Amino acid sequence: MSDTLSWTIDLPDPSPYPMCSKLSLPRYGLHNEISTFAGARFDWKETAEEHVFKVDLPGLKKEEVKVELEEGSVLKISGERKREKAEKTDTWRLFERSSGSFLRRFNLPENTKADGVKAAMENGVLTVTVPKEEVKKPEVKSIEISG
């Protein structure tokens with residue numbers, strides 16, 4: 001028998017964010033930390049020019065976060081907060097800060113420019129901007145009817 005079980009969060013469909021993918025989290029075992037820190041909350045806003053993703057990641061450094069684009073259409077944001085190492089002489093009185101990993105994938109719409117994705121981290125907030133391409137309207141040519 002496996003030492004971990006998984007559960008999945010299904011985001012409502014239809015929802016205002018239909019392109020969010022399912023989020024799978026381990027349920028117990030060594031991977032318990034993942035589900036604890038996976039509570040990272042994301043915002044996704046679409047403007048006329050771009051898609052803007054924001055996530056609160058207090059205490060994380062930009063080196064502990066990865067922003068990737070898979071196959072040009074899936075935005076993947078992941079990271080890890082490592083548990084503080086305890087010395088043998090330390091006595092923990094309280095341990096509430098979460099640690100572990102998180103991972104979210106977002107299926108981007110067709111009108112995004114994969115080569116223009118930018119990410120910035122300021123005051124514990126990661127902001128990822130994905131510019132939109134101008135959607136070309138099909139050219140319509142009138143055909144004269146003879147006869």
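This report describes a three-stranded sheet, the salt bridges on and around it, and one loop residue in a predicted model.

## The sheet of S5, S6 and S7

Three strands make up an open sheet whose order is S5-S6-S7, and the pairing within this sheet is antiparallel. Strands S5 and S7 stand at the edges, where each has a single partner strand, so one side of each is left without a neighbour in the sheet. If direction is ignored, neighbouring strands of this sheet are turned against each other by 15° on average.

Strand S6, which covers residues 74-81, pairs with S7 in the antiparallel sense over 8 bridges. Within this pairing, Ser 78 has Leu 103 in S7 as its bridge partner, and Val 74 is matched in S7 by Asn 107. On the other side, S5 and S6 also run antiparallel and are joined by 6 bridges, with Leu 75 in S6 serving as the bridge partner of Leu 69. The strands S5 and S6 form a hairpin with 3 residues between them, and in the turn Glu 71 has a positive phi of about 55°.

How much of S6 is covered? Strand S6 is mostly covered, since 7 of its 8 residues are buried.

## A network of charged side chains

Side chains of opposite charge can pair when their charged atoms come close. The count for this model comes to 5 salt bridges, and the ones described here include two that belong to a network with shared partners.

One salt bridge is formed by Lys 76 and Glu 68, whose closest N and O atoms are 3.5 Å apart. Lys 76 counts as buried because its relative accessibility is 16%, a value under the 20% cut-off for that term, whereas Glu 68 is partly exposed, with a relative accessible area of 30%.

Another salt bridge brings together the side chains of Glu 70 and Arg 105, at 3.2 Å from N to O. Glu 70 lies in strand S5 (residues 65-70) and Arg 105 in strand S7 (residues 100-107), so the pair ties together parts of the chain that are 35 residues apart in sequence. Glu 70 counts as partly exposed at 25% relative accessibility, and Arg 105 is likewise partly exposed, with a relative accessible area of 31%. Through salt bridges that share partners, Glu 68, Glu 70, Lys 76 and Arg 105 are joined into one network.

## A link between distant parts of the chain

Which residue forms a salt bridge with Lys 132? The partner is Glu 46, and the closest N and O atoms of this pair are 2.6 Å apart. This pair links distant parts of the chain, for Lys 132 is in the segment after strand S9 (125-131) while Glu 46 is in strand S3 (residues 42-46), and the two are 86 residues apart. With a relative accessibility of 19%, Lys 132 counts as buried, because buried means under 20% relative accessible area.

## Asn 111 in its loop

Asn 111 has its place in the loop between S7 and strand S8 (118-122). Is this residue buried or exposed? At 18% relative accessibility, Asn 111 counts as buried.

When neighbours within four places in sequence are left aside, Asn 111 is in contact with His 51, Pro 131, Lys 132, Glu 133 and Val 135. Among these contacts is Lys 132, the residue that also forms the salt bridge with Glu 46.

Technical notes. Residues numbered from 1 in each chain as written. Predicted model: local features only at pLDDT ≥ 70, side-chain atom pairs only at ≥ 80, totals over all residues. Heavy atoms only, no water. Salt bridge = Lys/Arg side-chain N within 4 Å of Asp/Glu carboxyl O. Helix = DSSP H or I, 4+ residues; strand = E, 2+ residues; numbered from the N terminus. Buried < 20%, exposed > 50% of the residue type's maximum accessible area, 1.4 Å probe, protein only. Pairing = 2+ DSSP bridges. Axes fitted to C-alpha atoms, helices over the stretch in contact; angles between N-to-C directions. Contact = heavy atoms within 4.5 Å.
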